[in-house]
Each structure stands twice: as structure tokens, then as C-alpha cells.
Amino acid sequence: MEKPQRKKRILSGIQPTGIFTLGNYLGAIRNWKQMQEDYNCIFFIADMHAVTIRQDPASFKKQTLECFALLLACGIDPEKSIVFIQSHVPSHSQLTWLLNCNTQFGELSRMTQFKDKSSRHSDNINAGLFSYPVLMAADILIYSPDLVPVGNDQKQHIELTRDIVNRFNNAYGKTFTMPDAYIPKLTARVMSLSDPTKKMSKSADDNLCIDILDTPAQIIKKFRRAVTDSDSLVAYREGKDGINNLMSIYSSITGKSFEEIESEFDGRGYGDFKTAVGEAVAEELAPIRENYDRLMNDRSYLKAVYADGAKKAATISSRVLEKAYKRMGFIPPEK
Ligand code: TYM
């Protein structure tokens, strides 16, 4: 009889730096929700990553809980997946130290997110900002996942993680399993509606960033104002960044191919198309707002879910952590 295949393990995280954007949703969370059916999944709020940028403690605390509720509101189901808050599971920071000592300064200097964030926050280029990808490597390796579903901007960090696996395993014997990035085809990089050459992200100069808790009217209004080009052909073509972005969003939500979209809007111009994309996004996000309001009114449920998630995550991660300490030659503590 054929041996039943082990369900593959998925792991991913998201920073609590504000209400999630449509980019976070289409690039990551929506896939996570779908993957819950077929994989063993572990998802967390990456609160320790968020403090690489200075946070106001009171709003940071509030946002972390809101983001946790939002993850559940998006359909991450604690009955199917392990969901927790990163700082509640100390193995992440413990493994980070071991990995820090096995990561090169030069490698970290090449990380594009570090270069980008250090130029935007030049008054606070702290050591955490620099070694942040090592914490991310620890987040991943401590759970031995097969796949890490992320948007394109995290690809470089996963490549670094893979390099760390090779180096560590070569130096100390096989300790970590090799993870693969899982990046969606259509929405690996959702672009800004106000400047389609930049990725959509919460930033002061983007007043068209879609928050997943925006009302339908706000969403449709932002899409109607999306920057496009000066002709009126709804078609996926090089140089039509704005329209290409809208087509990718529309296609990923409705499941329609680019050809179907092109013929649907043949001769109809951009106005109709932008409204249709806005309406499709608004309809997709509406249930999330309702779930979120309900969850935020039930703090004790949220607490119970993150307590249970952290307990399960601690059990899994402590095994890999112990192995890594042992492989490096640390004396195990007496039990
Ligand atoms: P974060 O919090 O910046 O983003 C969370 C997820 O959303 C994706 N994303 C996008 N995808 C497509 N288009 C966009 N415009 C867009 N903006 C964001 C990101 O690629 C990401 O998948 N370092 C991570 C969090 C993290 C993590 C981990 C992820 C910490 N530890 C371990 C995976 C595994 C981050 O800052 O993502």
C-alpha cells in the first residue's frame, strides 16, 4: 500500500504596521486563506519586525491586536491553522542570535529593503533594521516549512534564508530544511494606484492606498482616481503600467483572463473599467469589515486564540531550536 503523503507545511508572517493593504491581501493573505485547506499552516503577526522602525508604544500595542483580529477576519481560521503573535514565542529571537553569527555583514548590506528603509529613516539606522532578514530567517527555519507564501518584495529575504541553511548545514550537519518561496503569479507586486511604478504600500505620499477596511464608497472612489495612461484601450501591454496593474487586480479577483477582460471592456474606455475593478475589490473586501467589527468586540476570544497559537508554536519551534544549539556545541541545560 502506498504511504500517505505528509501534508506540506506552510509558514508566513505580516507586520502590524497599520491596517493591511490590498497589496498585503492579494500578495499574501488571500493565498494563505486558500492554502489552509491543503497544507499545515502557521501564520503570525511579526511584531518584532515592526520595531525596527520607531513605534509609539500605545499605538503599536493597539495595532498589533487590530492586525491579529484582521488576520482572522480575512479568513485565517484558528481551527485549521496555528496563528500567533511573534513576540510570544521566544524561540524566534533565540535562534536569531545563532543565525546572526552565521550571516555575513556583506550579505545583509546587499538587502534592497535595508537600503530603502535606511534611506527613508536615516535618523534611526539601528542594528535591528540591518539584521532584520536574519530574524525572518529564524522565523522560517524554526518551523521547517516546505513553502513560504509571500509577495515579490520578500523574495530576496527568502534567498538569504536559503543561503543560511546551506552554510549552517555544511558547517554543523543537517539541522534546517530548505524552504521555498511561494509567490503568486498575478499579484506578486500590487502597484500603487497613484504611481503604478511603485508597489502599493502605506506611505505618506500615497493617498490612494487601499486599506482592506475601507468602505465600498472609498474603494470605488480611489479606483476611479487611479493613474493610467492617455489612450483608452483596456489591454495588457508594455508601458501601460496603470492599466496592467488594474487588470491584474481584476483578473485575480474575478478569475477572468486578460483576453476576457479586454473583450469585456472593448470600446468602453477607462472610466467603466476603473469602476468595475473598484466594485469587484469592494465586494471581495466587504465580508472582512463585518468579521473584523465582530472580532474586535470579543477581546477574550482573541486572547484565547493567540494564547493557544503561541503554545502550539512554542512546542514545534523548541525542537528545532534545541537541535541548532546542540549542533553548534552548546551544553544543553539540565532539565
Ligand atoms: P510585510 O508585513 O511588509 O508584508 C506582508 C506580506 O504582504 C506582501 N506584500 C505585497 N504583495 C504584493 N504587492 C504588494 N504591494 C505588497 N505589499 C506587501 C509581502 O510580500 C508579504 O508577503 N518581513 C515580512 C514579514 C515576515 C515574514 C516572516 C514573512 C516576517 N517574518 C517569515 C514570511 C516568513 C514583511 O515585512 O512583510
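**Close-up views of the predicted model**

**View 1. Asn31 and its contacts.** Setting aside residues up to four places away in sequence, Asn31 touches Leu26 and Pro184 (contact means heavy atoms within 4.5 Å). Asn31 belongs to helix α1, which covers residues 22-35 (helices are DSSP runs of H or I of at least four residues, strands runs of E of at least two, numbered from the N terminus). With 11% relative accessibility, Asn31 counts as buried (under 20% relative accessible area; exposed is over 50% and partly exposed lies in between, with a 1.4 Å probe and protein chains only). A quick note for all the views: this is a predicted model, in which local features need pLDDT of at least 70 and side-chain atom pairs count only at pLDDT 80 or more, while totals for chains, interfaces and linings use all residues. Residues are numbered from 1 along each chain as its sequence is written, and side-chain values use heavy atoms, without hydrogens and water.

**View 2. Val150 in its loop.** Here we look at the loop between β4 (147-149) and α8, where Val150 is found. Val150 has a relative accessible area of 6% and is therefore buried. Leaving aside neighbours within four places in sequence, the contacts of Val150 are Ser12, Gly27, Ile158, Tyr182, Ile183 and Pro184. Pro184 also touches Asn31, the residue of View 1. If you would like a distance for scale, Val150 and His88 are 22 Å apart from C-alpha to C-alpha, with their positions 62 residues apart in sequence.

**View 3. Ser81 in strand β3.** Strand β3 is home to Ser81, which counts as buried at 4% relative accessibility. Neighbours within four places in sequence left out, Ser81 is in contact with Gln36, Cys41, Phe43 and Ile76. Ser81 and Arg237 are 156 residues apart in sequence, and their C-alpha atoms are 39 Å apart in space.

**View 4. The buried face of helix α4.** Within α4 (residues 91-100), the buried residues are Ser91, His92, Leu95, Thr96, Leu98 and Leu99. Viewed down the axis of α4, these residues fall within an arc of 165 degrees, so they line one face of the helix (the arc is that of the directions from the helix axis to the C-beta atoms). Their cover includes α2 (47-50), β3 (81-85), α7 (127-141), α8 (155-172) and α13 (299-328). Strand β3, part of this cover, is the strand that holds Ser81 from View 3.

**View 5. The two sides of helix α9.** Ile219, Lys222 and Phe223 are the buried residues to look for in α9 (residues 216-224). Around the axis, they cover an arc of only 100 degrees, which puts them on the same side of α9. They pack against α1, α10 (241-254) and α12. On the face turned away from this buried side, α9 carries the exposed residues Ala217 and Lys221.

**View 6. Helix α3 against α12 and α13.** Helices α3 (residues 57-73) and α12 (residues 269-296) pack at an angle of about 130 degrees, with their axes 8 Å apart (axes are lines fitted to C-alpha atoms, for helices over the stretch in contact; angles run from 0 to 180 degrees between N-to-C directions). The pair is therefore oblique (under 35 degrees is roughly parallel, over 145 roughly antiparallel, 65 to 115 roughly perpendicular, the rest oblique). From α3, Leu65, Glu66, Ala69, Leu70, Leu72 and Ala73 make the contact, and from α12, Ile288, Asn291, Tyr292, Leu295 and Met296. With α13, the packing angle of α3 is about 80 degrees and the axes are 11 Å apart, which makes the two roughly perpendicular. This contact joins Leu65, Phe68, Ala69 and Leu72 of α3 to Arg299, Tyr301, Leu302, Val305 and Tyr306 of α13.
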